[in-house]
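Hello,

I am passing on the structure we talked about, and my notes on it follow below. Please have a look at it before you read on.

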Amino acid sequence: MHKIILKYYIILILICVSSFAFSQSDLLMHGYHFVPQSSYNNPALIPDGKVIVGIPVLSSIAHTTYSKFGFNDFFQEKSDSLYLDLNKVISKSDKANMIAEYVEHDLILIGLKIQKNYLNFGIRNRLYSRITYSEGLLKLIWNGNLSYIDEKLDLSSTSVSHDHFLDYYAGFAFKINENIGLGVRAHYLQGLSSIETQRNNISIITSSEGDNGFNFDANASFLINTSGLVYDSTDGFRFNDYAFNFTNSGFSFDIGAEIKINERVNVTLSIIDLGKINWKSNLKSFESESENVKFSGITVDIDSQDDIFEQYADSISELIDVKEFEASFSTSLPTRVYTGLEYYSLDRKNRISLLMAGLFMKEKFIPSVSVGFDRDVSKHFAFKVNYSYLPYSPLNLGAGFSFNFKPFQFYFLTDNIFSTFLWDSQRYFNLRLGINILIPEQNSIPKGEPVFRK
Amino acid sequence: MKNSFSKAIVFTGILLMLFNMSCKKDFSKISTSEWKPELAVPFIKTVISFENLFPEDTNLVTDVDSTLVYYYAEDSIFSLSADTLLNLGEEDISFEKGFSLGDLIVEPFGIESSLKMYDVLPYLDQAVQDTLTKYDGQQGYFPPFAIMDPVIVDADPIENFIDLTFSDGNMIITTTNTLPVDLNDIEFEVIDKVSEETITEISIEVLASGTQDVSITELAGKQLHNELSFRINSMNSPGSFPEIVDIDLSKGIDINMETTELKVISGNAIISEQLMYSRVEMIDFGLDEEKLKHIVIQSGSLNYILESEIDIGISINMILTSALIDGQNPETDITIPPNGSVNSGFNVANMTADLTSGENQDYNLLPIELTMIILPSDDIITFDSSDKINGSFALEDLKLQYADGYLGQKEIEIEQDIFDLELDFLNQVEGELILEEPSLKLKYKNGIGVPLTILPHFTATNSSSGQTQDLNMGEININSPSEPGEIVEDSVYVDKNNSSIVEFLSIRPDQVVYYGSGITNPDGEQYNFVDISSKLSANLEIEIPLILRATELSFVDTLGFSLELEDMPIEEGGLVLNVNNGFPFTFTMKMILVDSITGQSIDQIVFDGIASASVDADGVVINKTSSDIIVNFTPEFLDNMQLANRILLEAETSTFGQGEVPVVLKSDYEIDVAISFSAKISP
């Protein structure tokens, strides 16, 4: 019996916690034209180099995690052990709390500079995930329901979003004139798998009404759509079926602009991931059968010889009766908006930039602000530092650099340098690194040029 | 260039050092020991009625006013089948009789003889002989004459018999004078030539010429052989003078003998077909007390043995005149050969019979009409009226389907038997329990039209305590139906006013021994009827309306129990019991854990203070009473639960007002119970 209770307890946790999300990412990379991947944030950006070829998989490995709470918020270190303690999290939690993750790998990247224009195309493996969990869920998990008699535990803001897809893209950046450059990138999106919490109205009140003991009164309405996660029971997961499924398709567009105000001031503007994916294959949707569930214990016939605990488990199963069906659905990509202001030094080797970004999610807009400085130290080396403000993580010091050793380029970029060695206290983790084959424009890297200028 | 690359490696190395310096966490030492959520879980809601408490006890029934009645029925406490009353005993019903041949009718016979003057001449005077011889065939004076010696005329033998002894009949002798002269003083005898005895003597004073004389002789008591002669002892004539007459010596006197209305008792003769015997006999059932009027025979046969001493075949027709089979009188024809016998019978199954046909006895008599016919003989046979047929008639293997009349006074024995009295309700409780109005009903159905009185004896036994208690109920008169087909349903009610039933039940019997005796027609002769399908059966019903008083009544039940708490991370918990009591009882319940090894009680929790519902002056519940009880499980109790394999549920209860007021238990009484758990768990 207890196993069954635990099972549903875990299911409840999973429903509420297993959501994936995405977040702002790569604020440092924005405008960092030394690295070709910087055009991902603004298709109008024309990176350095004549010919750019990404080494498959290695050319860009990007991972971003963004959470309301950091590791230390969940665990307390006593002696040499880590103790799970959600009291702190609960006390600081909002109605909805998010853990978001964005993973991206370049599988193919080819960029060509044609005169003053830049043609690029490639394939990227992209994963957007987001978990939104409510305060009520945290309370329920950590304290149980006995402490919240006659109090509503609202789990409705808990949701799951997860989209895994391959991004086949082609972009073109061009100069309208000396001062205005535009860029556009079109994406064909091959959906691989998705989880989408389309509806969640789950809430629960435990009441104590005298003669009736404890009662549960819950709103149990939810609808979760999935695609690509149902496998044949005999064959199990087959990579080919997963990776070469072109039934789920979508399109998106990136547009960007780079406007030269004067010799020292640039303004950039870009809108990224404007599109959606239609999920049509390997579908499985889960929807609650009941909108409202009231449970005050099983009504038993004491003459019955049936096992009461089995009856109880059966009743619980019936209460949480989930309807399974197949239904196509679509998910919109989280659209990002960037607008930047850049101020160059006279030699245009140094730059101070201000970036304001916004992330449009289904029910939320997350703004962020970043101030950065980058320097083109030499043809072999450039770096950038920045400070970024994000709502969950107001203090982020970013750092990045790139080395060019003809024809290879190695780069490392992070929006929060502390997340690399003080990760347990951080709420924003961002990292992008990779190796590109970058053939510079002729003689752009003169022989003997030092890596660091004195 | 090499220098630049080296610097880049150094820079990268510094970065890696930074990463290496980053905080390290030993994830193998993550502990969730401080995670102890407390859960409140509704568990069970149930409504308990009395029927729920004794689910196996099908004896608990609801009366029209919802009062619970503990009802126990034992079918066929005794039964009396019609067989018992329709049994006519082992002996067959028989009837024996000899049927004598009696007087026989024989065909009349006769003799014609003539005595001519030629034959007489030798017995006349010579002169007369000469004269007559001289004038024979002429006219002349017929001379006077007189026979001087008797003249014997032998008749031809009669063919149809050798001899006969008559019981009746007449011999008619006609004497005719064919001479032209008168004859006087004719005297002759009819002589049996074999026995030489004179059968009759005829005397005729004057027999005028051309006239006849008729003489009748009764033959009763006479024996007659078939060879007769006439001996004429005297005869004379005065002659014809002065008349001249034709003299013809071939004339004389004719003697004719005829017989009429002959009945014989013995003899040797050819016998013609004739009725020997025709009469209705009565087969008497020969019963002592019983006076049966009408019966229907289910099975049986009418067998007969007929042995003939008669030297002639006899045809017998036998009819049961007051009986019917398929609407017809049962009838059979029998032929008995001369001096032979017949042993046969016929099936009388499904025969209805009226046994009231006797002239002086209107019961127990089955009429049987016998007609015996003597078959004609081709040859002469010897017979005697005392020759007889010995008849034996018997109704054998008789089983009656129906009988009416008077079936007598018979003693009925109800054999001793035992039935288990499964009063689960009483057996499962301990303590003082006083049942206020128990009763016992002996319900019977009687289709047997015979009044019956029985005296039953019931003795209750408690096999545990060894106590016994008689019910002490009186004699019972069983009503009987007034007409066939009717079934009387009635019951005998026994309560505390006419028996010791309160004491009878107070020992909480588990067995009842019963026996009894009875007698039919206790008031003497009266009209009875019994059909084989009819029976008397009696069922015992014990009704105990649950109107009772009880104090410190305890009820214990044992539950098998197995709890695997190893996987259930419960640290401590509580049980919340919300009771809305509609029973007129207060309750204290204990849940006692019993050690699986030692069998000893190792821990317990008590749910105390479940208040009784309030009752009115009649003991009927008027309001439910609510009680909320919270009992906490300690960690030790939970540990002990793992050691236990049984739970004793012990309920101690008293009726409202500590047993001072009788309370009525009704089927609509309910206890609403809601059980919830609260538990602190350590996932």
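Let me start with B:E525, which sits in the loop of chain B that links β36 (511–520) to β37 (528–531). Please keep in mind throughout that this is a predicted model. B:E525 counts as partly exposed because 13 other C-beta atoms lie within 10 Å, between the 12 or fewer of an exposed residue and the 20 or more of a buried one. Its C-alpha is 9.2 Å from that of B:E290, although the two residues are 235 positions apart in the sequence.

Here is how the two chains compare on paper. Chain B has eight helices and 48 strands, and 31% of its 683 residues count as buried. For chain A, the tally is seven helices and 27 strands, with 43% of its 454 residues counted as buried. Looking at contacts with a separation of 6 or more, residues 24 or more positions apart supply 87% of them in chain B and 68% in chain A.

Next, the nonpolar cores. In soluble globular proteins, nonpolar side chains tend to be buried together. The largest nonpolar core here has 140 residues, and the members that touch the most others are B:I314, B:L366, B:M372, B:V530 and B:L546. The strand of chain B that gives the most to this core is β28 (residues 388–406), with eight residues. There is also a second, separate core of 26 residues, and A:A100, A:I131, A:L137 and A:I204 are among them. Coming back to B:L546, what does it contact beyond its neighbours within four places in sequence? The partners are B:T67, B:L68, B:V69, B:Y70 and B:L665.

B:V69 turns up again in a sheet, where this residue of β4(B) stands opposite B:V61. Three bridges hold β3(B) to β4 (residues 68–81) of chain B, and the two strands run antiparallel. They belong to an open sheet of five strands in chain B, ordered β3-β4-β38-β31-β35 with antiparallel pairing. At its edges are β3 (60–62) and β35 (488–495), each of which pairs on one side only. From one strand to the next, the twist averages 30°.

Another open sheet draws on both chains: five strands in the order β18(A)-β2(B)-β48(B)-β40(B)-β45(B), with mixed pairing. Its edge strands are β18 (298–299) of chain A and β45 (625–633) of chain B; each has a single partner strand, so one side of each has no neighbour in the sheet. β18(A) pairs with β2 (residues 38–48) of chain B in the parallel sense, over two bridges, and A:I298 stands opposite B:I44 there.

Last, have a look at β22 (residues 350–360) of chain A. Which of its side chains are buried, and which are not? They alternate: A:R351, A:S353, A:L355, A:A357 and A:L359 point to one face and are buried, whereas A:N350, A:I352, A:L354, A:M356, A:G358 and A:F360 point to the other and are not. This strand is joined to β21 (residues 335–344) of chain A by 10 bridges, running antiparallel, and A:G340 faces A:L355 across that pairing. The hairpin of β21(A) and β22(A) has five residues between the strands, and A:R348 takes a positive phi near 60° in it. β22(A) also pairs antiparallel with β23 (residues 365–375) of chain A over 11 bridges, with A:G358 opposite A:P367.

Enjoy exploring it!

Best wishes

Methods:
Residues are numbered from 1 along each chain as its sequence is written. Chains are lettered from A and ligands numbered from 1 in the order in which they are written. This is a predicted model: local features need pLDDT of at least 70, side-chain atom pairs count only at pLDDT 80 or more; totals for chains, interfaces and linings use all residues. Helices (H or I, at least four residues) and strands (E, at least two) are DSSP runs, numbered from the N terminus. A nonpolar core is a set of buried Ala, Val, Leu, Ile, Met, Phe, Trp, Tyr and Cys residues joined through C-beta atoms within 7 Å. Two residues are in contact if their C-beta atoms, placed from the backbone, lie within 7 Å. Two strands pair if DSSP finds at least two bridges between them. Axes are lines fitted to C-alpha atoms, for helices over the stretch in contact, and angles run from 0 to 180 degrees between N-to-C directions.
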